[in-house]
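Biologist: Let's go through this model together. I will ask, and you reason from the coordinates.

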Amino acid sequence: KGNQDIKEQFTTLRSVFVSIFSSASDNGEYSDGEFRWEVALGPGEVKEVSLTTSYRTLFVLIIIIILIIGGYQYFKPEIFLSKSFSELNFNKKGTFEAAKVLITLKNKTNNIIKSIKIEELLPEFVGCENRDIQGSIKPSYVDKLDHITKVTWEIPDMAPGEERIIMYRARARFAVVGELRLPATVVSFKKANLMKKIYSNNLVA
């Protein structure tokens, strides 16, 4: 018998969870809760089998998940912001005359958001006067610049879940042929003592 090859079987118990992060030498296989090796030994031959368990992959995965969640929490829009036409007026020739614009803001966080500024830039062919502002939120400034009109609203703070709707009427300064396009509204607010900006959709009609 001492001159004959023999086959030996070795086993070691490991949970399924541990097996995910383990690697066995010499073609060891995992089955039914244990690692198993079947080793052929010649006369006087000695072989070693090993099982290596490393949680480095798990650690890296946890770090990645934490970074993803943290990044999402930081970069996700704290304020829901949308912009839409609620009314469009064209003359019989199909030329734009006026439009009612709605800007909707909602605090999506569980915290009070402070120092909120809403800026609306209207192209040169569209005007907006103080008399055109509707609703309870009045602008802080209406600035007529060279080729645009800048309307600015300021809201001191918004409570969690609070929604605000800004309404104004944009009037044509001169005949507009083709599509009507209004640029995105810009909303800035304070977050962790830093100012953050978000942008609404553009409006096209």
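Biologist: Is Thr-52 buried, partly exposed or exposed?

Modeller: This is a predicted model. Thr-52 sits in strand β5, residues 51-53. Its relative accessible area is 45%. Buried would need under 20% and exposed over 50%, so Thr-52 is partly exposed.

Biologist: Which residues does Thr-52 touch, not counting those up to four places away in sequence?

Modeller: Contact here means heavy atoms within 4.5 Å. With residues up to four places away in sequence left out, the partners of Thr-52 are Phe-21, Ser-22 and Ser-23.

Biologist: What separates the C-alpha atoms of Thr-52 and Ser-84?

Modeller: Along the chain, Thr-52 and Ser-84 are 32 residues apart. Thr-52 belongs to β5, while β6 covers 79-90. From C-alpha to C-alpha, Thr-52 and Ser-84 are separated by 60 Å.

Biologist: Helix α2 next. How are Leu-61 and Ile-63 classed by relative accessibility?

Modeller: Leu-61 lies in α2, residues 56-75. Ile-63 is found in α2 too. Leu-61 has 46% relative accessibility, and Ile-63 has 34%. Both values fall between the 20% and 50% cut-offs, so Leu-61 and Ile-63 count as partly exposed.

Biologist: What are the C-alpha separations for Leu-61 with Ser-86 and for Ile-63 with Ser-140?

Modeller: Leu-61 and Ser-86 are 25 residues apart along the chain. Their C-alpha atoms are separated by 47 Å. Ile-63 and Ser-140 are 77 residues apart in sequence, and their C-alpha separation is 45 Å.

Biologist: What radius of gyration does the protein chain have, against that of a compact globule?

Modeller: The C-alpha atoms fill a box of roughly 110 × 40 × 30 Å along the principal axes. A compact globule of 205 residues would come near 17 Å. The protein chain has a radius of gyration of 34 Å.

Biologist: How many helices and strands does the chain have?

Modeller: Helix α2 spans residues 56-75. Strands named so far include β5 and β6. For the protein chain, the secondary structure comes to two helices and 17 strands.

Biologist: Where is Asp-32, and is Asp-32 buried or exposed?

Modeller: Asp-32 lies in the loop between β3 (29-31) and β4 (34-41). Its C-alpha atom is separated from that of Val-16 by 8.8 Å, with their positions 16 residues apart along the chain. The relative accessible area of Asp-32 is 74%. That passes the 50% cut-off, so Asp-32 is exposed.

Biologist: Which residues have the most contacts inside the largest nonpolar core?

Modeller: Nonpolar side chains tend to be buried together in soluble globular proteins. The largest nonpolar core here has 29 residues. Those with the most contacts inside the core are Leu-105, Ile-116, Trp-153, Tyr-168 and Val-187.

Biologist: Which strand gives the most to this core?

Modeller: At least two core residues come from each of β6, β7, β8, β12, β13 and β15. One strand leads with five residues, and that strand is β7.

Biologist: Which residues are in contact with Trp-153, leaving aside neighbours within four places?

Modeller: Trp-153 is one of the residues with the most contacts inside the core. Its partners include Ile-103, Ile-116, Ile-118 and Ile-133. Lys-117, Glu-120 and Lys-138 are among them too. The rest of the list is Ile-137, Pro-139, Ser-140, Ile-166 and Tyr-168.

Biologist: Is Thr-152 buried or exposed?

Modeller: Thr-152 is found in β12, residues 149-158. Beyond four places in sequence, it touches Lys-117, Ile-118, Glu-119, Pro-139, Ser-140 and Tyr-141. Its relative accessible area is 3%. The cut-off is 20%, so Thr-152 is buried.

Biologist: What is phi of Ser-115?

Modeller: Ser-115 lies in strand β8. At 35% relative accessibility, Ser-115 is partly exposed. The phi value is positive in a residue other than glycine, near 55°.

Biologist: How far apart do the centres of the positive and negative side chains lie?

Modeller: The chain carries 28 positive and 24 negative side chains. The centres of the two sets lie apart by 11 Å.

Key: Residues are numbered from 1 along each chain as its sequence is written. This is a predicted model: local features need pLDDT of at least 70, side-chain atom pairs count only at pLDDT 80 or more; totals for chains, interfaces and linings use all residues. Side-chain values use heavy atoms; hydrogens and water are left out. Helices (H or I, at least four residues) and strands (E, at least two) are DSSP runs, numbered from the N terminus. The radius of gyration is taken over C-alpha atoms; the globule rule is 2.2 Å times the number of residues to the power 0.38. Lys and Arg count as positive and Asp and Glu as negative; His and the chain ends are not counted. The place of a charge is taken as NZ of Lys, CZ of Arg, CG of Asp or CD of Glu. Buried means under 20% relative accessible area, exposed over 50%, partly exposed in between (1.4 Å probe, protein chains only). A nonpolar core is a set of buried Ala, Val, Leu, Ile, Met, Phe, Trp, Tyr and Cys residues joined through side-chain atoms within 4.5 Å.
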